[in-house]
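Subject: Structure for you to look at

Dear colleague,

I am passing on a structure that I would like you to look through at your own pace. Please open it first, and then read my notes beside it.

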Amino acid sequence: MEKVREKVLFALQEVQRAVIGKQEVTETVMKAFLAGGHVLVEDIPGLGKTTMAIAFSRAIGLQKRRVQFTPDVLPSDLTGFTIYQKERNAFVYHPGAVVCNLLLADEINRASPKTQSALLEVMEEGQVTVDGKTRKIAPPFLVIATENPSGSAGTQLLPESQLDRFMVCVKMGYPTIREEMEILRKNENGRTSDAVQQVMTKEELEEAQRETAQIFMHERILEYLVQLAQATRNMRCWSWDESKRNSALAKMAKAGAYLAGREYVVPADVRGVFRETAQHRILLNTRARISKVKQKEVLQEILSAVESPSLKKR
């Protein structure tokens with residue numbers, strides 16, 4: 001376990017060389033990869049979302065494909081299509097963009113709902129169905145999707161079913177003055193992602209995912225997860241409560257324990273990923289928005305209200 005984990009930490013360090021000052025964000029993305037989940041990055045253009053995706057693909061040696069989502073992108077651009085070839089006297093499948101290890105879906109909320117729905121099957125089941133024939137996508141398959149903030153020109157809200165396919169949602173945020181100076185300095189000799197070296201293979205990532213799944217989770221931790229989910233359902237300011245797929249939080253907590261070098265989950269692992277796992281699955285209703293209730297504050301209120309379990313021996 002320790003040997004593969006060291007590779008994971010080396011890969012994370014390589015990514016952080018390219019993504020300056022975003023240690024918490026890159027750690028969350030790595031946890032999602034260890035948990036086998038997809039990542040939604042919401043923020044304005046120009047804050048390093050694409051750089052981060054490229055850095056992860058290079059550090060882990062993943063086959064990457066990028067799609068710039070616009071209203072004219074078709075579902076077949078993602079899933080692929082079949083076309084008749086006279087020489088073979090048969091219909092031949094031409095793979096789409098999703099046939100890869102890491103798909104960068106840039107500005108996903110600019111695409112039409114029909115195109116967005118083309119990702120539902122592959123993100124959930126790791127397969128695509130074209131002309132009635134289902135084809136498996138070789139693992140690992142991960143998606144990093146970027147989303148412009150709600151209200152940006154030419155964008156539309158992602159449907160709940162699409163949002164629920166993402167394990168976490170993170171926000172990049174502006175760099176500090178010192179961080180921005182360092183970014184400018186490093187960009188003088190080319191893009192920061194160009195210097196990222198491969199230190200891990202996709203096979204090692206799969207092994208790390210299997211090891212993460214074996215992390216022990218006590219019954220009290222499981223109860224804590226359920227209590228947090230129930231707390232989101234009881235809050236009156238939400239128009240849509242936490243999905244019953246509470247396994248996302250459990251998997252992310254296990255990934256946090258794995259990165260920390262533990263073989264068991266502690267309450268801090270759960271609290272450390274709760275906001276990123278929950279914030280895109282629960283939406284403020286009209287009353288809360290009028291009252292200027294901040295989502296971050298409500299999530300923190302939930303964490304404070306639900307008592308953290310003690311794992312000490314009685």
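A good place to begin is Asp131, which lies in the loop between β6 and β7. Please keep in mind throughout that this is a predicted model.

The two strands on either side of that loop, β6 (residues 127-130) and β7 (residues 133-136), pair in the antiparallel sense over four bridges, and within this pairing Thr129 stands opposite Thr134 in β7. Together β6 and β7 form a hairpin with two residues between them. Asp131 has a phi near 55 degrees, which is a positive value in a residue other than glycine. Most residues other than glycine have a negative phi, and most peptide bonds are trans. Is Asp131 buried or exposed? With a relative accessibility of 63%, Asp131 counts as exposed, because the cut-off for that word is over 50%.

Asn89 can be read in a similar way, since this residue, although not a glycine, has a positive phi of about 55 degrees. Asn89 is found in the loop between β3 (80-85) and β4 (90-95), and it is exposed, with a relative accessible area of 57%. In the loop between β7 and β8 you will find Pro140, and the peptide bond that leads from Pro139 to Pro140 is cis, with omega near -5 degrees.

Next, please turn to strand β8 (142-147), which is mostly covered, with six of its six residues buried. Leu142, Ile144 and Thr146 point one way from β8, whereas Val143, Ala145 and Glu147 point the other way. Strand β1 (residues 38-42) runs parallel to β8 and is joined to it by four bridges, with Ala145 in β8 as the bridge partner of Leu40. Strand β5 (residues 102-106) is also parallel to β8 and joined to it by four bridges, and here Ala105 stands opposite Ala145.

Two helices deserve a careful look as well. The helix α2 has twelve residues and reaches 16 Å from its first C-alpha to its last, close to the 16 Å expected at 1.5 Å a residue. Nine of the twelve residues of α2 are buried, so that the helix is mostly covered, and among them are Val25, Met30, Phe33 and Leu34. After α2 comes Gly36, whose phi is positive, near 75 degrees.

The helix α9 (202-213) also has twelve residues, which should span 16 Å at 1.5 Å a residue, and its end C-alpha atoms are 17 Å apart, which agrees. Its buried residues are Leu205, Glu206, Ala208, Gln209, Glu211 and Thr212, and what covers them includes α1 (2-18), α2, α3 (49-60), β8 and α11.

Finally, where is there empty space? Rolling a probe the size of a water molecule over the atoms shows where such space is left. The second largest pocket has a volume of about 500 Å³. How many residues line the second largest pocket? There are 24 of them, and Gly36, Gly37, His38, Met123 and Lys251 lie nearest its centre. The lining divides into eleven nonpolar, six polar and seven charged residues, and at least two lining residues come from each of α6 (120-125), β9 (166-170), α9 and α11 (247-259).

With best wishes

Terms used
Residues numbered from 1 in each chain as written. Predicted model: local features only at pLDDT ≥ 70, side-chain atom pairs only at ≥ 80, totals over all residues. Heavy atoms only, no water. 1 Å grid on protein atoms, 1.4 Å probe; cavity = no way out; pocket = protein on both sides within 12 Å on 5 of 7 lines; lining within 4 Å. Points joined across faces, edges and corners; volume = space filled by probe spheres on them. Nonpolar A, V, L, I, M, F, W, Y, C, P; charged D, E, K, R; others polar. Pairing = 2+ DSSP bridges. Expected span 1.5 Å × (residues − 1). Buried < 20%, exposed > 50% of the residue type's maximum accessible area, 1.4 Å probe, protein only. Contact = heavy atoms within 4.5 Å.
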